[in-house]
Amino acid sequence: MNIQFRKDERFRESFSYVNSDAGVLRFPFPFGEDRYMYSVNIEPHTRGGPNPAFAHAFDIDEHYVAECRERALVLADDPGRCQVLPHMMPAQWDTLELLMESFAADYPEHFSLEKNGDTWRWINRPLGIEQTFVFGRPETLPCPPFEYITRQAQGDFTLQDQRDDNLFVDGGMVTTQADWSLDFDIGMSFHEWHGPVPLAHDIGVFDRALRFLLRLQYGHPVRRLNWTMTINPRLDTSPENYPDWGPDRTTVTPDNVSEKVHLRVELQTLFRLPRSNAILFGIRCYLLSLKDIERVEKWRKRLNRVLTTLPPELVEYKGLTRYRDTVLAHLAPRDDGAPLSSGIQPDQTTLPPSALSNQR
Amino acid sequence: MILDAPLTARVAGIDPLSPTLKRVRFVPERGRFPTAAPGAHILVTLRGPERIWKNAYSLVTPPEQRDSYAIIVRRVEASRGGSHFLHDHLKPGDPVEIGPPTSLFPIASLARRHILIGGGIGLTPFLSYLPVLRARGAAFELHQYCTDDESEVFAGLLAEAGGMAMIHGRTNRRSVAGILADQPLGTHVYTCGPERLMAAVEAAAFAAGWPSGAIHKESFGSAEGGAPFTVTLARSGRTVPVSESQSLLEALETAGVEAPCLCRGGACGVCLTRVIDGAIEHRDHVLTEEERAGGRLIATCVSRARSDALVLDL
């Protein structure tokens, strides 16, 4: 599988972002039912399943090169987006080993890893990187090992230390986040960093999820999908940069709604790491415009139903208040109310041309 | 690393260490083994002529060693037979199935000093700790309690640990309380060995005012198996046996029953099934105390029967 990377995409200012038809069809649409509510929707992260994005330990797609460049831009402005507390050095090497071995095994045409004892040679062809280093010796890499490898990966990552029957977010690379701040959360316990989420605490979601994750075993990672919506194809919707993107929510009109509004899905994966016993939490972000969602009949109808019935607390927490009605006014005429299959799969293998879907 | 199948391996060598101790080395059939945590254990499937054993053993090899794994096994008279088979019948070249290395005995990331206290064969997890602690430049000391006639064997295994390892034979042994007295704040203690030793370590640490988070006892803690039982499916009238090494969910799946599930770890609640008759041993994180007491719902992925049989609404 040779991925054709879209190298000139921009996730800020003038925005340039396109999904191929195959890219649209592999989007991990998050709604398996017509209504959405929080649950412990965790399942084993085994290869396969209803979406091609689940086929590998870490998914790489056509946006890889552009997303790595965007990450470098964010870090240049704000190096604090990558922080790891000092006791997490074993977890840094665990992360580097896991990502390098997974990339090289799953995408051999793009990545290679050769080992000669502790001396490793890493080749990343899409980014043009060749690096020889000594595993366990940070000074042999251009930057610390966690930062080094997560600069070469799509999506955010955090490191959770496990102690006193709790998890603590003691490190992370967070540049493509849905309005949360690593700089603010670092060092917090599981319930502390989930504090702002509405409703879920009351139904015990976090108590159960924590007890489950404390027992997460090496070799048996788990995954879940989470979602929100974002105006414009912007990856960095951070509290730090709120002035740059918060006002975008006021710019949605009936004429531009299908191009401006994006469904933002996080494929979240959790891996137990061996040396450190920490948990690596991957938050892989996918953006799909309303215009592209509409080309999948099941998804456009289901999105209409989910947004119509979404509890008000979630509408507010996910920041949809200002433009949800505009989205619904656009989607409702395109939903005939017919029953839909359960599950997230698109139920079609080709897409109508993009332009046609705009005809009423 | 996604490990969705057992590791296939073969026995590369068996070294007798003493009349009752053998070290067994496994090599992978293909490629390399996964990186194992310090303190990890593996589930080894031993196929005898008449029965199969699944026994858990601590790895004595460090994380970086991926071309082979090694375990040390004591021949136990009162064992279920796995150690006899391993001592008397297993030979180099034999194929074995190994489960992924599991860690329930990790090194604490924030400890400022580590005290390792082993008893007899309970030394084994610390043999994988030592190279890691040394590489991290950690402050640690190891105390091994054993019989006088085995002190030489354990001294040999600990030779590379340097002066930080102390062997305490039957005579002239230091007390656990003495070891734990006057340790600096931030010290963690780890113990593995006979239950009596581990209880003594825990009691001494509590008596000296240590916080519970600084006391670590090895346990293979496998809540997965248990006594076998049978389950009757009320709607079809079928009866499905659940073996001691199987979950209820796995038994249903093996029997071709369409049973709902998602997380397979007792957290999501998707597999909850109505129980019509029988007593439940609840191991899930979902049900409330009232629901548990009611005894009408079971999480099939982790919970089992406390009675010989269950009747499910399936």
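Select Leu280(A) in this predicted model. Setting aside the neighbours within four places in sequence, the residues in contact with Leu280(A) are Thr95(A), Leu98(A), Phe157(A), Leu159(A), Phe271(A) and Leu273(A).

Keep Leu280(A) selected and add Val40(A), Ile42(A), Ile279(A), Val231(B) and Ala267(B). These six have the most contacts inside the largest nonpolar core, a set of 70 residues. Which element gives the largest share of this core? Colour helix 3 of chain A: that helix supplies 8 of the core residues. For the second core, which is separate and has 52 residues, pick Ile98(B), Ile167(B), Val201(B) and Ala214(B), which are among its members.

**Between the chains**

Show both chains and select the residues in contact across them: 32 in chain A and 28 in chain B. On the chain A side, the elements that give two or more residues are strand 1 (43-44), helix 3 (89-106), strand 6 (156-163) and helix 7 (205-214). Helix 7 of chain A gives the largest share of that side, with 4 residues. Coloured by residue class, the chain A side shows 12 nonpolar, 10 polar and 10 charged residues.

**A hairpin in chain A**

Move to strand 4 (residues 119-124) and strand 5 (residues 129-134) of chain A. The two strands run antiparallel and are joined by 6 bridges. Arg121(A) can be used as a marker here, since it stands opposite Thr132(A) in strand 5 of chain A. Between the strands of this hairpin there are 4 residues, and Gly128(A) takes a positive phi near 65°.

**The parallel sheet of chain B**

Hide chain A. For orientation, chain B has 7 helices and 18 strands, and its C-alpha atoms fill a box of roughly 65 × 50 × 35 Å along the principal axes. Of its 314 residues, 40% count as buried. Among contacts in chain B between residues at least 6 apart in sequence, 62% join residues at least 24 apart.

Select strands 7 to 11 of chain B. In what order do these strands lie in the sheet? The order is 9-8-7-10-11, in an open sheet of 5 strands with parallel pairing. Strand 9 (165-168) and strand 11 (215-217) of chain B are at the edges; each has a single partner strand, so one side of each has no neighbour in the sheet. From one strand to the next, the twist averages 15°.

Now zoom to strand 7 (residues 113-119) and strand 10 (residues 187-192) of chain B, a parallel pair joined by 6 bridges. Within this pair, Ile115(B) stands opposite Val189(B) of strand 10.

Add helix 2 (residues 124-135) of chain B, which packs on the sheet and touches strand 7, strand 8 (140-145) and strand 10 of chain B. The direction of helix 2 makes about 155° with that of strand 7 of chain B. Then add helix 5 (residues 195-207) of chain B, which also packs on the sheet, touching strand 7, strand 8, strand 10 and strand 11 of chain B. The direction of helix 5 makes about 160° with that of strand 10 of chain B.

**Confidence**

Last, colour chain B by pLDDT: the mean is 90, and 96% of the residues of chain B reach 70 or more. For the model, ipTM is 0.89 and pTM is 0.90.

Conventions. Residues numbered from 1 in each chain as written. Chains lettered and ligands numbered in written order. Predicted model: local features only at pLDDT ≥ 70, side-chain atom pairs only at ≥ 80, totals over all residues. Contact = placed C-beta atoms within 7 Å. Nonpolar A, V, L, I, M, F, W, Y, C, P; charged D, E, K, R; others polar. Core = buried A, V, L, I, M, F, W, Y, C linked by C-beta atoms within 7 Å. Buried ≥ 20, exposed ≤ 12 C-beta atoms within 10 Å, placed from the backbone. Pairing = 2+ DSSP bridges. Axes fitted to C-alpha atoms, helices over the stretch in contact; angles between N-to-C directions. pLDDT = per-residue confidence, 0-100.
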